[in-house]
Amino acid sequence: MLHADGIRKTFGNLEVLRGVSLTANKGDVISLIGGSGSGKSTFLRCLNCLEHPTGGEIRVQGEAIAFKPDGHGNREPASKAQMRRIRARLAMVFQSFNLWSHMTLLENVIEAPVHVLGVDRKQAIDEGLRLLERVGLYDKRDVYPAFLSGGQQQRGAIARALAVQPLAMLFDEPTSALDPELVGEVLKVIRALAEEGRTMILVTHEMSFARDVSNQVLFLHGGLVEEAGAPAEVFGNPKSERLARFLGSFH
Amino acid sequence: MLHADGIRKTFGNLEVLRGVSLTANKGDVISLIGGSGSGKSTFLRCLNCLEHPTGGEIRVQGEAIAFKPDGHGNREPASKAQMRRIRARLAMVFQSFNLWSHMTLLENVIEAPVHVLGVDRKQAIDEGLRLLERVGLYDKRDVYPAFLSGGQQQRGAIARALAVQPLAMLFDEPTSALDPELVGEVLKVIRALAEEGRTMILVTHEMSFARDVSNQVLFLHGGLVEEAGAPAEVFGNPKSERLARFLGSFH
Amino acid sequence: EKTRVGFAPEAYPPFWVADANGNWTGWEVEIIDAVCAEAKLDCERVPVAWEGIIPALLGGKIDMIMNSMRINDERRKVIDFSNKYYEVPTVVVAAKFATVDTTPESMDGKIIGVQVSTGQQAYAEKNFAANASEIRGYNTQDEVYQDLAAGRIDVAIDGVVAMNEFLKSASGAECCESKGVLKRDPSTLGEGYGVGLRKGDDALKAKINDAIAAIRKNGTYDAITKKYFDFDIYGGD
Amino acid sequence: MIWSPAAGSIALLTTGGWGSAMLVGLARSLTIALGAFGLGLVIGIAGALGKLSGGAVMRQALDLYTTIVRSVPELVLILIVYFAGADLINGILTALGQAKIDFNGAIAGIVVLGVVQGAYSTEVIRGAILSVPRGQIEAAQAYGMSSWLTLRRITLPAMLPFALPGLSNLWLIAMKDTALLAVLGFGELTQVTRQAAGTTKAYFTFFFAAGCMYLLATMISNLLSRRLEARASRGMAHV
Amino acid sequence: MSSPPDAIVREATARGGRPWLDAGTLTPVIAALLFGAYAALQMRWDWLGTYYPLLLRGLGMTVLLVVVTSSLGMLLAIPIGLVQVVGPKWLALPARAFCTVIRGTPLLLQLWLLYYGLGSLFPQFPWIRDSALWPILRQAWPYAFLGLTLSYAAYEGEVFRGAFKGVPKGQLDAARAYGMSGFLMFRRIWLPQAFKRAMPTLAGETILQLKATPLVATITVIDVYSVAAQVRQQTYLTYEPLLLISAIYILMAVVITKVFARFSGQGHDDTAFRKS
Ligand SMILES: Nc1ncnc2c1ncn2[C@@H]1O[C@H](COP(=O)(O)OP(=O)(O)OP(=O)(O)O)[C@@H](O)[C@H]1O
Ligand SMILES: Nc1ncnc2c1ncn2[C@@H]1O[C@H](COP(=O)(O)OP(=O)(O)OP(=O)(O)O)[C@@H](O)[C@H]1O
Ligand SMILES: [Mg+2]
Ligand SMILES: [Mg+2]
């Protein structure tokens, strides 16, 4: 359903991704792990074209994103309309949530359905309230993000993502900005989504969580996939020495 | 050497501390643990009068800090000179470092010795450079804090504290603002200080570290010391149910 | 097609007097009306700050200036003038106790106040600059009188009519008196007061000149003048 | 007599009709200020967007505009824009075979001050847009919003709390700058005050009264803008 | 006006983080050069020969006004800002009122009130009129300096209020924690940091002060603007004098920017504050 093939990305002279591939089928939960600066976030952002990959191909439900040269030695999406269509289906949950600060929680949730997908406002509100209830934030629907705790904001961001009925959800370190006490709360929601059969791709530092929830783990190192496989395999029996060292530094 | 006796502190109607006592002898390393909002920071700030305790007594090397009513229903130190003298000997390392941003690292380190203690500038610089070398920041002596990483700032703040040759050092969550990678770095410095026999009082969320480094642990809850004792005892065999639950949420 | 007559919206009695509703009255206002009526012009008065009044004429924002403007050589370089429609002597005024007359020597060490870009400023610059301690330029004549009364300037120069008006006022009567009439000096003090026109606007100029002559002849001019003055303000021919 | 006793001053304001003339002047000042501020706002939004996302040529041209306007005194700018602006417009109209237009009165004042205000608004709004956290805009992109939709739904409303303090300052400046139009002979508050003072010779009374009117207008504006700010930043945590 | 000073263009470029002299920079430079050439060839500049001594004198007065009033104003502004943050009510309220009144009324009106209002009260008192001060009080410049100083003090008082308030509490906590006395903390930590925060605003505000100086012409003080106005009135040239002094003001604004850039010095920025 979502294929990335040989994604490369350079920033100036810095080669961050040197050919990273990934295939996500419906219901897959894929974790990306790796050291700081290994390009996990960059790869995730390439998937929905927030960064324009320097090379490689991205296909969503068989449709390849078309690129053209951007005149500065990089590529950019050839059709803005296509890019927007695809983005709207790959909902991203940011590490720092990025809820829109001038909108209440409910307004955040219905914004994209109403203004991007053209859903009827009334219907979007019904659906939005249902989703907020689902993540336990029904009471907070009229509150502005600044007045929510980190964990509540994170769950709000998840509701916002769910509201566009995404093909796949992209999570960038969904818990790293949270208190240890809030981590559990958010992981619970993600785990529930996984059990529902949602397609998810997540960058995470929580190894135990990655092991728990995902059916595929990719270890990025030096801009390449150093090792990939089922979590039991990757965590239980790391083949690469680097992965072993990386896992050793966690307890 | 440092005694706090029945410290109480209320903010408006909020009773944050309801009688907390602590005795630190030379070479003691005391960890304060407890849930968020349990008053750990407040207690630490009471020790050097950054907050004026509503009740209780503080004695430093046998000398009690004298208080008088401040006219707003609280107390304030009776003698500013005494308070300043005592503060200068209880060096505080803040959670957010609070290095003075308009001074280079070296200037930060020599500021209090030169301007508060009246040490000769030349001598203060010599000592300051020695301390910066000790925390591995000799190269960064002429850099402004904004250009240092979190861990470097934290170590700089420790050097600044050491420069006043404190009787005791007060640490407020010395690692919580740091990357996991930087935590180790700072903990190493603190451990070295502990091995030198420095008196330290620290607020921390790192249970493993508290266990490792301290000879006394205080668990604060509801404005009171819920449990106190040697780390082996407190961690290994918590008597209070609350402490057990609190420790359970860590792994 | 309207003819726009530029004037500086400042009190200059008895030529220009404003009331609170923004209506202007005064000798010159009535003369403007009479001239326009005579010349069959549909006139509209347009307020323009004095210091920008000639640029406004040149820039086509107004078509003529009727605002007690002296006809002098300096101005003739850039604009054209109608024949004069009045002329009064220029006088020197100072505090009663001051020993001042119209000679440069008597101006030694004095502060002279004049309105900027007027004939009297040009006269002062030309004749008194060497002696006076300062020639202070004001935006309005009214401010000159104010500072004269306050004793912040020693000497003021202005046409005798406006000056008399000031000397009749409470503050003027208290402090000051006329110290003499300046000699005629066409290059600075000019040859009377005329209507300022754009160069080449000869048709309008002819109309105005005819109208001035006509109202002089048919008695309108004298009728208006009688309301304000007990002498003939036209001056000699 | 320059310093009239209070009773006399009040009598001057109420009986001579000068008091109401000043109120009319104030109304004209406020009208011009409002027009200029509005025009400035339009220029400002366009200018800020041009500076942030326009081509190199446009950015440089805008930089030139804001730099010049912000370092040349308003008094000079007003004269330049008033004279050159009218010449330019009428020159163009003549070249097109149209009749000249009358570039006088309130419209001129609004255009002149609006061009000056526009330069400042450009910088205020540009700064405000830049203070919108990048993530807010990225989130909009991630949900497939087009640039225009992002601008309308996210960027502009989100920048408002940052822009409002600067904009309310600009409004106060617009109000006070109308006083400078006196150099063009406009009958706004300052001009009326001068006439009143000149005619009645009660200088202190009228200058003081005008000062009070400006101050009152400022304080009311402050009150309103504080309300507006509170409303716009209702989503921001109070610190 | 001749070509805009390179420095401004470069300034503008540096701010945008763009290289100096790309295609975009060339456009306005070329436009300015063309305009400069037009101005030089098509406009009249012969009057410069006659008026340059006056222009220089006026320029001197303008520079003096800016330098003196902003220095004095700054000295007033610091306490005005400070008492509003930490002062007792009886000091904070008057300071607040002072800022509101001055900022809420046009400077033009303030100058008139001072010169024609206050200034003309003095001569009514014989003991002032006969005093040694009278020769100074009857001049216009004292009122110009006073008016501009008060205005700068009020605007900058507001800036300093924000700057003092903006210094993070933690910075002061740290100073207290090391036993600094109130005054030492003010001198060593609070004031320097407030200054750093105020600096960028101060540069802009000082340019505003420069731009306010022409108003003194309305109370008969001869600054560079009033000389240009005189030239306009005497030569009836509409544009040339205006363009010349525009160029002069732009140059002065560049100098002010540079001077403040030097003062605000090197190194640190606010990122440390943002982290916490
Ligand atoms: N816009 C950019 N311009 C230049 N370099 C960039 C940019 N974005 C990221 N990089 C660089 O690319 C590298 C990979 O960054 P990325 O954020 O993808 O790492 P990461 O694996 O997500 O790390 P972390 O775990 O710390 O979030 C880093 O060296 C980073 O400095
Ligand atoms: N200046 C203050 N005014 C009012 N309430 C305060 C103030 N400082 C702290 N509090 C309150 O006192 C309580 C204890 O705060 P404190 O910062 O000491 O907690 P803590 O144990 O350090 O928590 P954490 O682990 O989250 O840092 C909290 O409820 C807090 O809201
Ligand atoms: Mg990342
Ligand atoms: Mg704390």
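Helices here are DSSP runs of H or I that span at least four residues, and strands are runs of E that span at least two. With that in mind, residues 154-174 of chain D can be described: the stretch is 100% helix and 0% strand, and its end C-alpha atoms stand 28 Å apart. The model is a predicted one.

Residues 29-50 of chain D give a similar reading, with 100% helix and 0% strand. The C-alpha atoms at the two ends of residues 29-50 are 31 Å apart. Both stretches appear in an unreviewed UniProt entry, which annotates residues 29-50, 103-120, 154-174 and 202-224 of chain D as "transmembrane region".

Chain D also stands out in how the chains meet. Six pairs of chains are in contact, and among these pairs chains D and E share the most contacts. Other pairs remain apart. Chain A and chain E have no contact between them, and their closest C-alpha atoms lie 14 Å from each other. Chains B and C do not touch either, with 50 Å between their nearest C-alpha atoms.

The next part of the structure to look at is ligand 1 and its surroundings in chain A. Around ligand 1 there are 13 residues, of which A:Ser36, A:Gly37, A:Lys40, A:Ser41 and A:Thr42 come nearest. By type, this shell holds three nonpolar, eight polar and two charged residues. At least two of the shell residues come from β2 (14-24) of chain A, and at least two from α1 (40-47) of that chain. The element that gives the most is α1(A), with three residues.

Several atom pairs link the protein to oxygen atoms of ligand 1. For A:Gly37, a backbone N or O atom lies 2.8 Å from such an oxygen. For A:Ser38, a backbone N or O atom is 3.2 Å from an oxygen atom of the ligand. A:Glu173 takes part through its side chain, where a polar atom lies 3.3 Å from an oxygen atom of ligand 1. On its own, ligand 1 has 630 Å² of accessible area, and the protein covers 60% of it.

Ligand 2 can be followed through chain B. It is surrounded by 13 residues, and the closest are B:Ser36, B:Gly37, B:Lys40, B:Ser41 and B:Thr42. Three residues of this shell are nonpolar, eight are polar and two are charged. α1(B) provides the largest share of the shell, three residues.

Contacts to oxygen atoms of ligand 2 come from both backbone and side chains. A backbone N or O atom of B:Gly39 is 2.9 Å from one of the ligand's oxygen atoms. In the side chain of B:Lys40, an N or O atom lies 2.8 Å from an oxygen atom of ligand 2. A polar side-chain atom of B:Glu173 is 3.2 Å from an oxygen atom of the ligand. Taken alone, ligand 2 has 640 Å² of accessible area, of which the protein covers 59%. Two elements of chain B, β2 (14-24) and α1 (40-47), give two or more residues each to the shell around ligand 2.

That strand, β2(B), also has a partner. It pairs in the antiparallel sense with β1 of chain B, residues 2-11, over eight bridges. Within this pairing, B:Ala4 stands opposite B:Leu22 of β2(B). The two strands β1(B) and β2(B) form a hairpin, with two residues between them. One residue in the turn, B:Gly12, has a positive phi of about 55°.

Methods:
Residues are numbered from 1 along each chain as its sequence is written. Chains are lettered from A and ligands numbered from 1 in the order in which they are written. This is a predicted model: local features need pLDDT of at least 70, side-chain atom pairs count only at pLDDT 80 or more; totals for chains, interfaces and linings use all residues. Side-chain values use heavy atoms; hydrogens and water are left out. A residue is near a molecule or strand if one of its heavy atoms lies within 4 Å of it. A polar contact is a pair of N or O atoms within 3.5 Å; within protein, one must be able to donate a hydrogen and the other to accept it, and residues adjacent in sequence count only if both atoms are side-chain atoms. Accessible areas come from the Shrake-Rupley method with a 1.4 Å probe; for residues, only the protein chains shown count as cover. Ala, Val, Leu, Ile, Met, Phe, Trp, Tyr, Cys and Pro count as nonpolar, Asp, Glu, Lys and Arg as charged, and the others, Gly among them, as polar. Two strands pair if DSSP finds at least two bridges between them. UniProt positions are given in the numbering used here, feature names are shortened, and annotations may be inferred rather than shown by experiment. Contact means heavy atoms within 4.5 Å.
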